[in-house]
Amino acid sequence: MGTRPPTLRDLDFGSVRSATDLQVQMDILNRIAHIQMDKMIEKAPPQVRDLEDKGIPPVMVLSAAGMALAGAALYVLVAHGAEMLAVFVSVLQPLYYTFKALETQEKDDDTIWLTYWFVHGVLHVAENTLLLPIIKVLPALYFIGKMVLQVWMVNFEGHTGTFTSSFCHRLHHSDNITISCS
């Protein structure tokens, strides 16, 4: 009767009192990993198993495939996660602040958030026309940059300076528009 293969139940890191105990537990974990990898290789397509005849261990192929899958998942998470966070920062948070501003009697906070929505609209048009090639090439970097810009605009009233320096004076000189550029 042979010894049974180790399982995760055989691990007991709580009993580790010395480096030797730790080494024993790590050896058990290593044997479990090898057993699991062998089971995966048995289920792998024949092409992967045939690589062993060519000197390429199937473990390497499975590891490379796993790393490629993890990299792709990380890219999707960063690209779309940044996009979702940018939407939160540029739309949902300002919607809340705008709602709170409209509930007050003060006109100044209404003006601040109306200015924000004006600048946001201009940036949205630019994003969907001028910046579209950049978005398609570098989506993760673009949305991270957009998020940083939106945080600056929402939390540090950067939209007020952007409006005054970029749009106000141009609009002030247009026909039939009276805007205070202060």
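This passage walks through the predicted model of a single chain, from its overall fold to a few individual residues.

The model is a prediction, so local features are reported at pLDDT of at least 70 and side-chain atom pairs at pLDDT 80 or more, while totals for chains, interfaces and linings use all residues. Residues are numbered from 1 along each chain as its sequence is written, and side-chain values use heavy atoms, with hydrogens and water left out.

The chain contains 7 helices and 0 strands, where helices (H or I, at least four residues) and strands (E, at least two) are DSSP runs numbered from the N terminus. Along the sequence the pattern is accordingly written α-α-α-α-α-α-α. Of the 182 residues in the chain, 23% are buried; here buried means under 20% relative accessible area, exposed means over 50%, and partly exposed lies in between (1.4 Å probe, protein chains only). About 13,100 Å² of the chain is exposed, and carbon and sulfur atoms supply 67% of that area. Accessible areas come from the Shrake-Rupley method with a 1.4 Å probe, and for residues only the protein chains shown count as cover. Among contacts with a separation of 6 or more, 50% join residues 24 or more positions apart, a contact being heavy atoms within 4.5 Å.

Helix 1 covers residues 19-43. With 25 residues at 1.5 Å each, helix 1 should span 36 Å, and its end C-alpha atoms are indeed 36 Å apart, which agrees; the expected span is 1.5 Å times one less than the number of residues. The buried residues of helix 1 are Q25, I28, I32 and I41. M26, also in helix 1, counts as partly exposed because its relative accessibility is 39%. M26 joins L8, F13, L22 and L29 in a nonpolar patch on the surface, and together these residues have about 440 Å² of accessible area. Such patches are made of residues with over 30% relative accessible area and no salt bridge, with nonpolar side chains (Val, Leu, Ile, Met, Phe, Trp, Tyr) joined within 5 Å and like charges within 9 Å.

Helix 3 runs over residues 58-103. S63 is found in this helix and is partly exposed, with a relative accessible area of 31%. The C-alpha atoms of S63 and M37 are 9.7 Å apart, although 26 residues separate the two along the chain. Helix 3 also holds both K100 and E103, which sit 3 residues apart, about one turn of the helix. An α-helix has 3.6 residues a turn, so residues three or four places apart point the same way. The side chains of K100 and E103 meet in a salt bridge at 4.0 Å, N to O. The structure holds 1 salt bridge, defined as a side-chain nitrogen of Lys or Arg within 4 Å of a carboxyl oxygen of Asp or Glu. Both partners count as partly exposed, K100 because its relative accessibility is 38% and E103 because its value is 47%.

Helix 4 takes in residues 108-129, and its 22 residues at 1.5 Å each should span 32 Å; the end C-alpha atoms are 32 Å apart, in agreement. Its buried residues are D109, W113, T115, Y116, V119, H120, A126 and E127. These buried residues cover an arc of only 150° around the axis, which puts them on the same side of helix 4; the arc is that of the directions from the helix axis to the C-beta atoms. On the other side of helix 4, L114 and V125 are exposed.

Three residues of helix 4 can be followed individually. Y116, which lies in helix 4, counts as buried because its relative accessibility is 0%. Y116 and T98 are 18 residues apart in sequence, with 9.3 Å between them in space, C-alpha to C-alpha. T111 also lies in helix 4 but is partly exposed, with a relative accessible area of 38%. The C-alpha atoms of T111 and T98 are separated by 9.8 Å, the two residues being 13 residues apart along the chain. E127, again in helix 4, is buried, with a relative accessible area of 7%. Leaving aside residues up to four places away in sequence, E127 touches L132, I135, Y142, F143 and K146.
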